[in-house]
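Biologist: Hi! I've just opened this one and I'm new to it. Could you walk me through it?

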Amino acid sequence: MIQDKDPESANSSELQEIIVKIHQESTDRNTKQQLLSLIALSHTKKDLQQLIPGLTVYAINEARKHAKTNGHGAIIPKQLPVFRHRMDKDKLDHALDFFFSPSFHQVSSFGVKEMKLDNGNTVTIPEVVRTACHATLINVYTKFCTETEFLPLSRSTLFKILNACPSSRRTNLKGLDNCAADGGASYETLLTTVKEMGNYVVDEEVQVELRDCKDSLNASKIYLKTDFKAHLRKCDKCPDHCINYSLSDPTDQHLQQHCVDHQHDMVCERCNLLPQAVSTIKRRLSELDIPDEVRNDLLASIDVAEAKILEWKSHIVRGVNQDLARILLLEELKDGECLIIMDWAMKFLPLAFREKQSDWFGQKGVNWHVSVCIFKDENQNLMQRTYTHTMDAVKQDWVAVASVLEHTLRTIKIQLPRINTVYLRSDNAGCYHCGSLWLAIPKITETTGITIARYDYSEPQNGKSYCDAKIAHMRGKIRRSAASGSDVLTASDMKMAIDKHGGVTSCQAAYVAVDPNSLVKKITCPIKAITKISNVRFNNDDTITAWKAFEIGNGKKISINSTLNDVELNVDVHANFTIPTQPDGIIKKTNYAKTDRFRVI
Ligand SMILES: [Zn+2]
Ligand SMILES: [Zn+2]
Ligand SMILES: [Zn+2]
């Protein structure tokens, strides 16, 4: 009796032939496995190896396993990339975010460089990564980690990451905002000078004095790096610790905050370490029996180094004071008010650290703009909602920021109708710290019905931890989505990945394009010396009030004409915000309330 072939296998030899053919032609391991899984269970290993010459037993086993667990011919799930060093992916992302963050490279004014990928796409690499010395980048980064209480990858791993960046490295540091790095290096300059002087000194007493100077300099450096910050007060008898005194502009009475209740008559030992050491060094230098030429060279380098250190010091004071703007605002936030912290996050993975192009979302330079909106609920708890805009190609300029801001406020008006006043905050990257944006803000207030009251800028790398935290949550979600087999390649994919399964707690995403029609003609901004301004209040009489430092002085009133009133700022909304299952997140009080010392009593 001839057994009928079951219908499924009737055309199986033909199918088998096709499978074998595609298998042989395919170069992709996953495709091969997928194909093999179709026939792996219905044939013996020997048969299979005869059908497909060169087929390994391992491949057959894998295909069988796959057929059993995922089904015959199922798509092979994408693997998470395997890092050679088993790096914590969140830490890797954190580091890359930092190294490739626009706020970091924008201050460097190096611009960007296009890089071609093997799939034909191009990505933009900030020039600073190619030009700044890796050690400096890593120092700035680890400092940032300490400040935000993030445990980074090891230094050696960070070096490996930067070395893997497909770009040559030079050691030109010019233009890079690195007060701290410069300041630290300047201490080294002073120490070297002292050492050099030691070569000419014979007198034992002077030798001892110079050695003391060395100790003082080292102690002073550690002090600036660590405790100094904690000594700062809004008012203090030590002039170095008095924020009001340090940040007042001696040349402009609008930008001065007078200390009426105290004198600056206290000399603090640790603040005095540097000036004392410098004056001793200078005095001894003038007494040395050396050619004037050498002496003048040394003097000049001492002066430059001291100035750099003082700059670092004032950078620290400014940072603390600008942070105070945020802290006080959150403490005193009223019903109907909210603080919006904005930041760009651009994703980028260096070539050596990814396995598969497909795993590498953000490869086309998908841009995300994040606006963390913080407000108080009925019970006075601080809550936050994060509005993310994903965009394919976009120029990260003030037009993009203004357009995205307008859309965010329109959304807030609908979702949180109680909000009627917002305060803005961002770092001082060029797209934010920009007179044109200030000119456009009254118009945004008008069209959205939400008053933009003030804009405070933070020092670079300061106080965007809210944004970083939210970006990390969303990235985790996107990564899980990619790992489960969905391609996340475009801004649209990203929005969908974030929205999946009820979304990410307190995070919403909209996929938009900045309307190229909102292209704004070059306007001449009437506001002068913009880089010095760090706080702006928008008044309702066509003026703004600007400060160099938060609450130092009454500010300078500047009139702004309404040149931008006819500008249409618009985003093209391809897919609008979807409220996640958990719309709001809670902000823990410990994150902001720790600053009684800043209160003016
Ligand atoms: Zn004072
Ligand atoms: Zn002190
Ligand atoms: Zn002091």
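Modeller: Happy to; we can start with the overall picture and then go through some local details.

Biologist: Great. How many helices and strands are there in the protein?

Modeller: Keep in mind that this is a predicted model. The protein has 20 helices and 13 strands. Of its 601 residues, 52% count as buried. The exposed area is about 29300 Å², and carbon and sulfur atoms supply 51% of it.

Biologist: What is the average pLDDT of the protein?

Modeller: The average is 77, and 75% of the residues score at least 70. There are stretches to treat with care. Over residues 78-86 the pLDDT stays under 50, and the model has 17 contacts beyond four places in sequence for them. Residues 166-177 also stay under 50, with 33 such contacts.

Biologist: And what share of the contacts with a separation of 6 or more comes from residues 24 or more positions apart?

Modeller: That share is 73%.

Biologist: Let's switch to the metals. Which residues coordinate the zinc ion (ligand 3)?

Modeller: His241 through NE2, Cys268 through SG and Cys271 through SG, at 1.9 to 2.5 Å. Along the sequence, these donor residues follow the spacing H-x26-C-x2-C. Histidine 241 and cysteine 268 link distant parts of the chain, 27 residues apart. Histidine 241 is in the loop between helix H13 (228-231) and helix H14 (243-247), while cysteine 268 is in the loop between H14 and helix H15 (269-287).

Biologist: Are those two buried or exposed?

Modeller: Histidine 241 is buried, because its relative accessible area is 5%, under the 20% cut-off. Cysteine 268 is buried too, at 12%.

Biologist: How far apart are the zinc ion (ligand 3) and the zinc ion (ligand 2)?

Modeller: They are 3.6 Å apart.

Biologist: New topic: the nonpolar core. Which residues touch the most other members of the largest one?

Modeller: Trp438 and Tyr455, in a core of 52 residues. Helix H17 (residues 398-415) gives the most to this core, with nine residues. Another core, of 37 residues, lies apart from it and includes Phe228, Leu247, Leu285 and Val317.

Biologist: What does tryptophan 438 touch?

Modeller: Leaving out residues up to four places away in sequence, its contacts include Tyr455, Ile527, Val536, Phe538 and Ile544. Ile544 takes us to strand E10 (residues 543-547), where five of the five residues are buried.

Biologist: Which way do the E10 residues point?

Modeller: Thr543, Thr545 and Trp547 point one way, and Ile544 and Ala546 point the other way. That fits a general pattern: in a regular strand the side chains alternate between the two faces of the sheet.

Biologist: Which strands does E10 pair with?

Modeller: Strand E9 (residues 535-538) pairs with E10 in the antiparallel sense over four bridges. E10 also pairs with strand E11 (residues 556-559), again antiparallel and over four bridges. On the E9 side, asparagine 535 has tryptophan 547 as its bridge partner. On the E11 side, isoleucine 544 stands opposite isoleucine 558.

Biologist: What about the hairpin of E9 and E10?

Modeller: It has four residues between the strands, and aspartate 542 takes a positive phi near 60 degrees there. For context, most residues other than glycine have a negative phi.

Biologist: Where else can I look for a positive phi?

Modeller: Glutamine 380 has one near 65 degrees, and this residue lies in the loop between strand E4 (367-376) and strand E5 (382-391). Histidine 501, just after helix H20, takes a positive phi of about 50 degrees. Serine 506 has one of about 65 degrees and sits in the loop between H20 and strand E8 (507-514). Serine 506 is buried, with a relative accessible area of 1%.

Biologist: Last one: what is serine 426 in contact with?

Modeller: Beyond its neighbours within four places in sequence, serine 426 contacts Met342, Tyr432, Tyr455, Asp456, Tyr457 and Ser458. Serine 426 lies in strand E6 (residues 421-427) and is buried, with a relative accessible area of 1%. Its C-alpha atom is 7.0 Å from that of aspartate 456, although the two are 30 residues apart along the chain.

Notes:
Residues are numbered from 1 along each chain as its sequence is written. Chains are lettered from A and ligands numbered from 1 in the order in which they are written. This is a predicted model: local features need pLDDT of at least 70, side-chain atom pairs count only at pLDDT 80 or more; totals for chains, interfaces and linings use all residues. Side-chain values use heavy atoms; hydrogens and water are left out. Buried means under 20% relative accessible area, exposed over 50%, partly exposed in between (1.4 Å probe, protein chains only). Helices (H or I, at least four residues) and strands (E, at least two) are DSSP runs, numbered from the N terminus. Two strands pair if DSSP finds at least two bridges between them. Donors are N, O and S atoms within 2.8 Å of the metal (3.2 Å for Na, K and Ca); water is not among the atoms, so sites may look incomplete. A nonpolar core is a set of buried Ala, Val, Leu, Ile, Met, Phe, Trp, Tyr and Cys residues joined through side-chain atoms within 4.5 Å. Contact means heavy atoms within 4.5 Å. pLDDT is the predictor's confidence in each residue, from 0 to 100. Accessible areas come from the Shrake-Rupley method with a 1.4 Å probe; for residues, only the protein chains shown count as cover.
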